Amino acid sequence: MALVVICGQPCSGKSNAAHFLAEALKESESKFQVRIIDEACFHLDRNQSYANMPSEKNLRGVLRSEVDRSLSRDSIIIVDSLNSIKGYRYELWCLARAAGIRYCVVYSDVEETICRKWNEDRREKGETNYDDTIFEDLVRRFEKPDRRNRWDSPLFELWPHREGIEKSSPAIVDAVSYLTKKVDSKTRDVKILQPTIATQTSRFSDANSLFELDKATQEVTNAIVEAQSHALGGPLNGVSVGKELPTINISRAVGLPELRRMRRTFIKLTGQTSLSGPPPPSDSESAKRMFIDYLNRELGTS
């Protein structure tokens, strides 16, 4: 249902943010399962994991794979890690888009000097901490999230050193509202990412899948033809073919021959899409979503 990326400098209160967000989500009226994925899930030592680039790359790969396996329509996944590289946040955003779910970033914004002091305090208390060399390297390479980037938006910011972190913190409250708000065709302040042909993990390679693809695209075509018969040649806006599907928005009249030609092209293009791994079970809803997305793009609509 949603992927939440916790982001921040080392020792900036990210795990506290993840904990309070998870607790607030569990106490909300939503019935979704909430799970935190972090290094501790795999018993990984933070200093060993960030000791060199191969180890760090392996850590990111392990976390990314677990996120990919865990995403679903009935759960909220919180990734509690540095997530300090914008390219890695983009990869997580792509996973959310392929799953067709909500996505947001929670940023724990703390000055380097404060993070350094908190790291030293942990060391004095015998708690988990970063070696000085590793800490300085991570701070130097940190790439601050920017809400103007798709993969950093929406962005909810926390300032633990000034305001602390609680379940009632404004950023936590706003994130819970965004993640649990019910959406309909009129909702504009919540974005559910939609898979595209490039990110869709389904492949229609066996006979049954091809049948489902053919049937699904025909249903979408029929819906457009019927809607156009009532629109008297005008534009189509907000034509729905399913509760969880994007709407069809066509700015001009499209004849049946052109629709059939675009449908054949789409089926051929989808059949040629090659992605690693075995094809999952056929999914009519995914086929409709992909075809609608294709039509909206090709016909120059919003």
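Helices here are DSSP runs of H or I with at least four residues, numbered from the N terminus. With that in hand, we can walk through this predicted model, beginning with a helix and one of its charged pairs.

Helix H11 covers residues 284–298, and because Lys 288 and Glu 285 sit 3 residues apart in it, about one helical turn separates them. Their side chains meet in a salt bridge, with 4.0 Å from N to O. The two partners differ in exposure: Lys 288 has 9% relative accessibility and so counts as buried, as the limit for that is under 20%, whereas Glu 285, at 34%, counts as partly exposed. Salt bridges that share partners also build a network, which joins Glu 56, Arg 60, Asp 137, Arg 140 and Arg 141.

Let us look at one link of that network. Arg 140 and Asp 137 form a salt bridge of 2.5 Å, N to O, and both lie in helix H6, 3 residues apart, or about one turn of the helix. Arg 140 is exposed at 62% relative accessibility, while Asp 137 is partly exposed at 23%. Helix H3 offers a similar arrangement: Arg 69 and Glu 66 both lie in it, 3 residues apart, again about one turn. Their salt bridge spans 2.7 Å from N to O. Here Arg 69 is exposed, with 61% relative accessibility, but Glu 66 is buried at 13%. The whole structure holds 19 salt bridges. As a general point, side chains of opposite charge can pair when their charged atoms come close.

Now for the aromatic rings. A search of the structure gives 8 aromatic pairs. In one of them, the ring centres of Tyr 50 and Tyr 130 are 6.5 Å apart and the planes meet at 55°, so this pair is tilted. The pair connects distant parts of the chain, 80 residues apart: Tyr 50 is in the loop between helix H2 (46–49) and helix H3 (53–70), and Tyr 130 is in the loop between H5 and helix H6 (132–141). Both ends are out of the way of solvent by the accessibility criterion: Tyr 50 is buried at 7%, and Tyr 130 is buried at 4%. A second pair, Tyr 107 with Phe 142, is stacked, with 6.1 Å between centres and 20° between planes. This one links Tyr 107 in strand E4 (residues 102–108) to Phe 142 in the loop between H6 and strand E5 (155–158), 35 residues along the chain. Tyr 107 and Phe 142 are both buried. Elsewhere, Tyr 90, Trp 93 and Trp 151 make up one aromatic cluster.

Which residues have the most contacts inside the largest nonpolar core? They are Leu 3, Tyr 50, Val 67, Leu 71, Tyr 103 and Tyr 130, in a core of 34 residues. Strand E1 (2–8), H3, strand E3 (75–80), helix H4 (86–99), E4 and H6 each give two or more residues to this core, and H4 provides the largest share, 6 residues. A second, separate core has 26 residues, among them Ala 17, Phe 20, Leu 21 and Ile 165.

Tyr 130 deserves another look. Leaving aside neighbours within four places in sequence, its contacts include Pro 10, Cys 11, Asn 47, Tyr 50 and Leu 82. Asn 47 lies in helix H2 and is buried, with 14% relative accessibility. Beyond its own sequence neighbours within four places, Asn 47 is in contact with Asn 129, Tyr 130, Asp 131 and Ile 134.

Some backbone details round off the tour. Most residues other than glycine have a negative phi, and most peptide bonds are trans. Cys 11, although not a glycine, has a positive phi of about 60°; it lies in the loop between E1 and helix H1 (14–27) and is buried at 2% relative accessibility. Asn 83 also has a positive phi, near 45°. That residue is in the loop between E3 and H4 and counts as buried at 3%. The peptide bond from Ser 153 to Pro 154 is cis, with omega near -5°, and Pro 154 belongs to the loop between H6 and E5. Finally, helix H5 (residues 112–124) reaches 19 Å from its first C-alpha to its last, close to the 18 Å expected for its 13 residues. After H5 comes Gly 126, with a positive phi near 75°.

Notes: Residues numbered from 1 in each chain as written. Predicted model: local features only at pLDDT ≥ 70, side-chain atom pairs only at ≥ 80, totals over all residues. Heavy atoms only, no water. Expected span 1.5 Å × (residues − 1). Phe/Tyr/Trp six-rings, centres within 6.5 Å; stacked < 30°, edge-to-face > 60°. Buried < 20%, exposed > 50% of the residue type's maximum accessible area, 1.4 Å probe, protein only. Core = buried A, V, L, I, M, F, W, Y, C linked by side-chain atoms within 4.5 Å. Contact = heavy atoms within 4.5 Å.
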